[in-house]
Amino acid sequence: MKGLRRTHPDDPTQRNEPLATGQTVKREDEQKFCLCVCHEHTFVSPDVQGADIHFIAKVEAKDLLRKPTVKWFKGKWMDLASKTGKHLQLKETFDRLTKMHIIKAKENYGGNYRCEVNYKDKFDSCSFDLEVKGRVILDPVIVFSEGQEDAGELDFSGLLKHREHKQEDVPEVDVWEILKNARPDEYEKIAFTYGITDLRGLLKRLKKTKKVEKKSEAFAKKLDAAYQVDKGGKIRFMVDLADPTVELKWYKNGQEIRSTPKYIFEHKGTQRIMVINNCSMLDDAAYSVAAGDEKCTTELFVKELPVKIVKTIEAVKTTVNERIELECEVSEEGAQVKWMKNGVEVPTGVRSRYRVKVEGTKHTLVIDDASKDDTGVYSIMATGGTSEARVQVDLKPLKIFQDLQDITLKLGEPLKMHCEIFPGNVPGRWYRNGQLIQANDRINILHRVEATSLHDSGDYTFVLEGYSQSLSAKVHIIDPPRVHLETLNFPDNTVTIVAGNKLRLEIPISGEPAPRVVWMKGERSGHRVHAETYGDHTSLTIEVTEREDSGNYKIVLQNEAGEDTGSVKVKVVDIPDPPEAPLVPVVGGDWCSMTWDPPIYDGSSPILGYFVERKKKQSSRWMRLNFDLIKETTFEPKKMIEGVPYEVRVFAVNAIGVSKASEPSKAFVPLAVTSEPTMLVVDDVTDDTVTMKWRPPDTIGAAGLDGYLVEYCVEGTDEWIPANKGLTEKTKYTITGLPTNAKILVRVKAVNAAGCSTPRTIQHSILVKEVIEPPKIRIPRHLKQTYTRRVGEAVNLVVPFLGKPRPKVSWLKEGQPIDPTHVSIRNTECDSIIFIRKAERSHSGKYELTVQVENHTDTAILDIQIVDLPGPPQAVTIEEVWGENVALDWSPPKDIGNSPISGYTIQKADKKTMEWYTCVEHYHRTCITISDLVIGNEYFFRIYAENMCGLSESATQTKDCALIVKEGLQLRTPEYIDHDFKEPPRFTQPLINTFAVAGYNATLNCSVRANPRPKVIWMKNKIAIIDDPRYRMFSNQGVCTLEVRKPNPYDGGLYACKAVNDLGEDQVECRLEVKGECGPHEGHLPRRLGDGFPKA
């Protein structure tokens, strides 16, 4: 235990002055607690009343896993935690500093204080005395309170229960002796009877006193368990020593007592006596005496006697300006009493009208200059009783010969008021409308006002000091009305207001009596205005101003002294009217050009510019196109989507604001012409025609494509002649009526709603003359192989060919002409089509196509095969039967359906039920062995043939059945030896040392292998963790996990995981360190808590 010190920063001679010194206490586990209390105030000494006092206790216990408990006490058992408030504050910080702040210390805050710290079975404490010296004389106050109105007040007398003192004598009772001799079940009854509030503290002390102590070797007679003495009395503590030579020391609350006039030590043989003179409440404490290594303790209770009132105060009746003395005598000199008036404490400070005189046991309350307000019930309160009496203060009588008269004056004339009373020269005070009139340069208290003003009007009253009557009169001052427009800071008396806002004009006026006010607009009263008149001004209010409110407003004032007028001009400015609907004369692919006219009414303010908005016609969302004002009345919106209808509108802007939107323009659609057609080539040329073909434009746009316009120009001329009167939608066109051997140029334009595109022109001129082209058959790829169809299906073959002029086409089948009744043939300029509506097997064969142009020919052969279902197999026989097996043999069908046989399907049927079941499908050979037949049954078999068209319509069945004969069978069961899977626990993955951050969950993981399943026990510092909500334990598939929820530095330590089953046990350990914050070892933290463990 370190020494307790008090520091005065302002007095260097007082620094580090030791007040008391204790001893170092050594515990069984060598754990030390160091408690240091120091003063931290910077400018006021703690021994002065009204100063703030700060005490700090520091607990040094670095190896503790949890925070110790720190408590502050005053006296022996009063816990200060219940008294915290505006005068007492207890604070505890993270670095184990506990602070006690006493705010505005009072004299009764002095006494013995103690700080205790405990952790489980460990305990330490430190005590100190506080003495507060006052600089002012405090009123003797006794606090009676049944509640805690101020929880921070350290006046512990507030805990006493207020009781009315009875006049009869009550015998003194030693509650301590009653509790020592009573049964435990009677403790509460005794505490209630004698008003004990801290029964728990008394029981703790009683329990300590009841312990049977061993026979002492140093003391022949020890101190009693407790002593009691009256306040101001004397108490003697005596012990009898077994060895008189032993050094003896006396202690008070653990602090050694030195010899002073208050504490006197006596030696009588083996007796050692300590006498305490003039006991006060500060002496109520625990005392101990030490003789060598032995110590005996006791407690002293100081009883404060009640102060009784010997002589009561008497009632007083007097008049004002007289002296009042209330006298009372009490039973004790220097007693603290409290004077009350109507239940409220009487202030007796230096500036108070009340004085208190104390002469021995006599207490006197003096009021030198009594007034009417001093009337009331006065009482004096002491701890042993109260006394009260009524004081009545009356006014003196007065005679009035001439009263004050009512006067009416003009503004600026002097005011004189006269009266006659007896007795004369009586001091008094003048009041106007209830307010006291103070003398100044203009007002003379000799009852004459040199120059009157409007403020001088009112009810005047002259109140004489000390008399019940008063004089009163009315003074009325009149003044002609006047309008004070010069105080308004409006140029030319013109007020500008924005339309829609509230207009309120306050015009200062004057006049007495208050003039009648009339507001007029032009020659008529305003019909939309609300006028109000006050004492010094009149107001004109228009809640919502409009354009029609502009004009001149006239004010007319009238009263009995005259008339005055004034004029104010109001100018209402507004936002402009919306412009007319804009026009859109030009439209492009993603832009347009728009114009509009300025608005007719500009809101009495010049137009500053315009805002333009647009929206899609089907949408309701408008988008602003410019953020800077447009000065002109034209604009070109851009970045529009082609083909989408749009509308635009305009806003006009002046200094007041933005107008309403104009009507939207007529809907317009941004459209663009398409790009030029592509890949323009010559398709065919005859003696009088030219056929051109091309592809559509790469970019068509939202306007779509209406068609194409074909034009040609004879070489040597510049005239382009339209070849088609109307637009053609096809990408191929034949120009007719051309002269033979002429050369022409051809171009094509794409046309849509936006107009014609750029033309695509053929690069070279075209000679109008037909060219012979040898024939060429282009056989499709699927016809270069055998073309297969099923019976009944349709056959439709298209064979394209080339040749000019139009070739001649002929067909042959197997060298013979084709019968047109069975096969239909249709020929065109570029292809030939052969069509069979319902194919039959007779249509199979090779078809030859011949194409001829003059002396040039070309041929091609097509192989057509019409297939059908095959017939059933032939001669299905049972070749052999053995065991559960049957061997079958058969021959292929005669009719294969004009298609190779792809397989066979074999079925079986029991002779009893004749229900057929498929044994094998898609079997390719003509012999098979059927196995896994039921012994004792007879079976029939049948077989289907299959080709690309499917199974044959019928099957071939065996004539005879196959009988499966029963034979003797014997089942041999092998013997197996069971494997023993049991094994003791063994950790396959140990725990690893882990660092954690305070406030973030940490996990410890390991894996164990055992059979049967082991019992897993987690331990911290070799103590099992059981039902602790701060830990969660999991075990899944041998992976054991311990989760520490939001750890703090006290959760660090040695953790172990133990696995136990019937065959043995195993254990792994690791160390967990919890850091309060990320420090220099941050880099040594694991990448992730739990890394390196196998996953379940």
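I309 has V330 in strand 22 as its bridge partner. That contact belongs to the pairing of strand 20 with strand 22 (residues 324-330), which is antiparallel and rests on 2 bridges. Keep in mind that you are looking at a predicted model.

Step back a little, and these two strands turn out to be part of an open sheet of 4 strands in the order 20-22-26-25, with antiparallel pairing. Strand 20 (309-311) and strand 25 (354-359) form the edges, each pairing on one side only. On average, neighbouring strands of this sheet are turned by 30° against each other, direction ignored. In general, strands of a sheet pair through backbone hydrogen bonds, either parallel or antiparallel.

Further along the chain, strand 83 (residues 1015-1020) is another good place to visit. Strand 83 pairs with strand 87 (residues 1053-1061) in the antiparallel sense, and there M1019 stands opposite A1056. Strand 83 also runs antiparallel to strand 84 (residues 1023-1024), where K1020 faces I1023. Strands 83 and 84 make a hairpin with 2 residues between the strands, and N1021 takes a positive phi near 50° there.

Here are the three pairings side by side:

| Strand pair | Sense | Bridges |
|---|---|---|
| 20 and 22 | antiparallel | 2 bridges |
| 83 and 87 | antiparallel | 6 bridges |
| 83 and 84 | antiparallel | 2 bridges |

How confident is the predictor, and what is the mean pLDDT of the protein? The mean is 81, and 85% of the residues reach 70 or more. Over residues 1-46, though, pLDDT is below 50, and this stretch has 90 contacts beyond near neighbours in sequence. Residues 136-170 also stay under 50, with 63 contacts beyond four places in sequence. Where pLDDT is low, the predicted coordinates should not be read in detail.

Methods:
Residues numbered from 1 in each chain as written. Predicted model: local features only at pLDDT ≥ 70, side-chain atom pairs only at ≥ 80, totals over all residues. Heavy atoms only, no water. pLDDT = per-residue confidence, 0-100. Contact = heavy atoms within 4.5 Å. Pairing = 2+ DSSP bridges. Axes fitted to C-alpha atoms, helices over the stretch in contact; angles between N-to-C directions.
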